[in-house]
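Student: I have a structure to read and do not know where to begin. Could you take me through a few features?

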There are 2 protein chains.
Amino acid sequence: MTSTTRDKMIAGAADLMSRRGVNATSMRDVVRHTATPRGSIGHHFPDGKPQLLAEAVRFAGQRVSVRLDKVLSELGVIAGFRAFVTSRRRRLETTQFEAGCPVLAVAVDHYVGETSDKGETRDEATQQHLLDLAHDVFTDWQQVMLLALKREGLEAARATRLATLVVAVIEGTVALCRAARSTQPLNHAQQELELILSEALARKAE
Amino acid sequence: MTSTTRDKMIAGAADLMSRRGVNATSMRDVVRHTATPRGSIGHHFPDGKPQLLAEAVRFAGQRVSVRLDKVLSELGVIAGFRAFVTSRRRRLETTQFEAGCPVLAVAVDHYVGETSDKGETRDEATQQHLLDLAHDVFTDWQQVMLLALKREGLEAARATRLATLVVAVIEGTVALCRAARSTQPLNHAQQELELILSEALARKAE
DNA sequence: GACTGGCTATGTCAAGCGTCATAGAATACA
DNA sequence: TGTATTCTATGACGCTTGACATAGCCAGTC
């Protein structure tokens, strides 16, 4: 095995990021939360916090991507989407609307390293890198959705737009539900989105 | 005048929050960014950072709400929505995709005060309050959209769901555009949303 | 001109942060 | 068994943070 400590740290970091954001998640929080040794951080992540954040984004992105792909190809677009939303809803409920999305957190909350010299140049390179990673994840999710739509015969351009819309709605809805401490925004968005998707698929031949 | 210093601080805080998130925005950053005196913070915001954050959320929420209402009632739902999206797009472009939404930041990035006693109880009350404020803002925006849709004859239940969808898409799209450093996600979402809205309005009589 | 009260400037403080160094434990292989 | 390598534990460091205290400025008013 390649040390489960490392994996626990990554998963724990992703979890904390999804709940609190990037900067509200300290490395000490991560080791507390995962019951892992603090000294191991330097060992497993020699590049420090940015590296841990990056791995957490990749990890969470891939986990969702795999699940989305599975459910879409097994159940088709409509039922698959419904199943995916249901799992998101359950996660919101079981965590009392605390859990969000670590990738969204990276896209919204800028990482702030040490302010190096004079506060003039923040750690912009790291932030750009994290944003790139978040973009890769978003693109990956869109791609999964896109392929599912095309698989059911939808034209490429329309499918691309719809895939973007779906990802945007999911991310935005997470924020609304957290603020509302309710799944109602998710329910409303789901209803409308299912309508849109089924109409689009029904007209694919035109 | 009731001291422009206070207002500049609030607007500056909202701006920084929208770019960096809640915890990456320090009070010292705000005074640097707005060229306001550091010592005045305790004077204008005796409750400290939480108070400044709260006022920033209210300020930004109201500003958007007013603009959205104006444009929707002057131009109607479709053209008004288009105009609103256009202004968001311009803002993204002129800030090189740095500016986001301070309300979204509050919903994603948890405020962390001093960890009081033993790290067990974070500043949960303050965070709940900020989330409530964010929820009020989101609700307000949805209400503005809802009224515009009803004004054009849409049935209440459908209008409610669409209003939620629109707000969710706008917030989610901000994140996608920031990560992509591109307005393409906004463009795609806008196209689909205009389609949905015009179809819904066209069928209002059924 | 002196007084006064709202504002500004600057320094100090405890606490938390990420990082690093160093020492100890555990594990794997000969 | 011995030893090398990998992992864990703990403390120290330099820094930033929000909060506070104290002193100075600068209108207005009598």
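Tutor: Start with burial: a residue counts as buried when its relative accessible area is under 20%. The model is predicted. In it, A:C101 has a relative accessible area of 7% and is therefore buried. B:C177, at 0%, is buried as well.

Student: How many disulfides are there over all chains?

Tutor: A disulfide needs two cysteine sulfur atoms within 2.5 Å. The count over all chains is zero. A:C101 takes part in none, since its nearest cysteine sulfur, in A:C177, is 13 Å away.

Student: Why is B:C177 not bonded to B:C101?

Tutor: The sulfur of B:C101 is the closest cysteine sulfur to that of B:C177, but it is 13 Å away, which is too far for a bond.

Student: Which residues come nearest to DNA strand D?

Tutor: There are 15 residues around the strand, and the nearest are A:P37, A:R38, A:S40, A:H43 and B:R28. By class, this surface has eight polar, five charged and two nonpolar residues. Its largest share, three residues, is supplied by α3(A). At least two residues each come from α3 (40-44) of chain A and α2 (27-34) of chain B.

Student: What parts of DNA strand D lie within 4 Å of the protein?

Tutor: Sugar or phosphate accounts for 59% of those atoms, and bases for the rest. For a phosphate example, a polar side-chain atom of A:T5 is 2.9 Å from a phosphate oxygen of the strand. B:M27 uses a polar backbone atom, 3.1 Å from a phosphate oxygen. For a base, look at B:R28: a polar side-chain atom there lies 2.5 Å from a base nitrogen.

Definitions and conventions:
Residues numbered from 1 in each chain as written. Chains lettered and ligands numbered in written order. Predicted model: local features only at pLDDT ≥ 70, side-chain atom pairs only at ≥ 80, totals over all residues. Heavy atoms only, no water. Near = heavy atom within 4 Å. Polar contact = N/O pair within 3.5 Å; in protein donor to acceptor, adjacent residues only side chain to side chain. Helix = DSSP H or I, 4+ residues; strand = E, 2+ residues; numbered from the N terminus. Nonpolar A, V, L, I, M, F, W, Y, C, P; charged D, E, K, R; others polar. Buried < 20%, exposed > 50% of the residue type's maximum accessible area, 1.4 Å probe, protein only.
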